[in-house]
Amino acid sequence: MSDAYDPAGDGARMSFAKDMSYVDYLSLDQIIGAQAPRSDTHDEMLFIIQHQTSELWMRLALFELAAARRAVAAGELRQSFKMLTRVARIFEQLNSAWDVLRTMTPSEYGAFRDALGRSSGFQSHQYRLIEFVLGNRNPAMVKPHEHRPELLAMLQDELAQKSLYHVALDLLAQEMGVSFDAAVYRMDAPHQADDAVTQAWTRVYQDPRKYWSLYELAEKLVDLEDYFRRWRFNHVTTVERIIGFKRGTGGTSGVTYLRRMLEVELFPELWNLRGAL
């Protein structure tokens, strides 16, 4: 029988008394120690970790979206494409997380639901920031964060700058030699479909060779929204499966509220033009 393998024999470092380790680099003590169940039920740990990991993925999505917006505003589309593709794949990953949460039954959730108090995913400031960056803007949605001045300021700062779609429309107008009505750039309301914008994007799709960069940008945005919609849909079905039509812990109508959110289109012109091609 051979001796047990010792990685040190291949040059692996085995002592980290004086060097940064994997645990140090990733701050794993803080991350792994961040789960604090408020009940003694088995399934609360799943609930906490699923939402914590989702918030980490959203942290990365915001990082990539901010960089993509800067790149599009600077006309650096090739760089933005990689970032937008990454965000779409982040939402694919977030989608898979619902599959894990759906292993929890209504009885199992009910055993610790009271421990949540009034806390709810509805109060996720990072999710709200993602919506604001993408153009689904509603100033009323900052109210749940008024008790945290730093979060309130973050959300208000986002509402004061152009969304990702706004900067894409700036580039579209510039390249197509057109201008859009000021209402297209509303900073304090969800984006609404505009005929002039639809016509400009339609020209791009009718001659993709001539307008290839804009064409690819449009498809990256559609791809992103496609994955985002799937995430929203799976959120609805997961909540319906676990709590039915009860009110959410944060006071929303639960499934009814989430179904209403399914009707929101982030980039409506890019979907509307498809029937005209």
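Throughout these legends, a residue is buried at under 20% relative accessible area, exposed at over 50% and partly exposed in between (1.4 Å probe, protein chains only). The views show a predicted model, in which local features need pLDDT of at least 70 and side-chain atom pairs count only at pLDDT 80 or more, while totals for chains, interfaces and linings use all residues. Residues are numbered from 1 along each chain as its sequence is written, and side-chain values use heavy atoms, with hydrogens and water left out.

**View 1. The whole fold is helical, with twelve helices and zero strands**. Helices (DSSP H or I, at least four residues) and strands (E, at least two) are runs numbered from the N terminus. Read along the sequence, the pattern is α-α-α-α-α-α-α-α-α-α-α-α, and the C-alpha atoms fill a box of roughly 70 × 55 × 40 Å along the principal axes. Of the 277 residues of the protein, 42% count as buried.

**View 2. Met20, Tyr22, Val23, Tyr25 and Leu26 make up a nonpolar patch on the surface**. Together these five residues offer about 570 Å² of accessible area, a value from the Shrake-Rupley method with a 1.4 Å probe in which only the protein chains shown count as cover. Patch members have over 30% relative accessible area and no salt bridge, with like charges joined within 9 Å and nonpolar side chains (Val, Leu, Ile, Met, Phe, Trp, Tyr) within 5 Å. Tyr25 belongs to helix H1, which covers residues 22-25, and Tyr25 counts as exposed because its relative accessible area is 60%. In the loop between H1 and helix H2 (28-32) sits Ser27, whose phi is positive, about 50°, although the residue is not a glycine. Most residues other than glycine have a negative phi. Ser27 counts as partly exposed, at 31% relative accessibility.

**View 3. Helix H8 packs with both H3 and H9**. Axes here are lines fitted to C-alpha atoms, for helices over the stretch in contact, and angles run from 0 to 180 degrees between N-to-C directions; under 35 degrees is roughly parallel, over 145 roughly antiparallel, 65 to 115 roughly perpendicular and the rest oblique. Helix H3 (residues 44-73) and H8 pack at an angle of about 15°, their axes 9 Å apart, and H3 is therefore roughly parallel to H8. H8 (residues 164-176) and H9 (residues 195-206) pack at about 65°, with 11 Å between their axes, so H8 is roughly perpendicular to H9. Within H8 lies Gln174, which is exposed, with a relative accessible area of 60%. The C-alpha atom of Gln174 is separated by 43 Å from that of Leu26, 148 residues away along the chain.

**View 4. Helix H6 is mostly covered**. Nine of the ten residues in H6 (residues 125-134) are buried, among them Arg128, Glu131, Phe132 and Leu134. Just after H6 comes Gly135, with a positive phi of about 115°.

**View 5. Gly110 of helix H5 and Asp43 are 10.0 Å apart, C-alpha to C-alpha**. Along the sequence, Gly110 and Asp43 are 67 residues apart. Helix H5 spans residues 106-110, and Gly110 counts as partly exposed because its relative accessibility is 46%.

**View 6. Three residue pairs are shown from a structure that holds 14 salt bridges**. A salt bridge is a side-chain nitrogen of Lys or Arg within 4 Å of a carboxyl oxygen of Asp or Glu. Asp19 meets Arg13 at 3.2 Å, N to O; Asp19 is partly exposed, with a relative accessible area of 35%, whereas Arg13 is exposed, at 55%. Arg102 and Asp99 are bridged at 2.4 Å, N to O, and here Arg102 is buried, with a relative accessible area of 16%, while Asp99 is partly exposed, at 45%. In the bridge between Glu150 and Arg148, the closest N and O atoms are 2.5 Å apart; Glu150 is partly exposed, with a relative accessible area of 41%, and Arg148 is also partly exposed, at 37%.

**View 7. Arg69, Arg137 and Glu158 are linked in a network of salt bridges**. One of these residues, Arg69, falls within the residue range of H3, 44-73.
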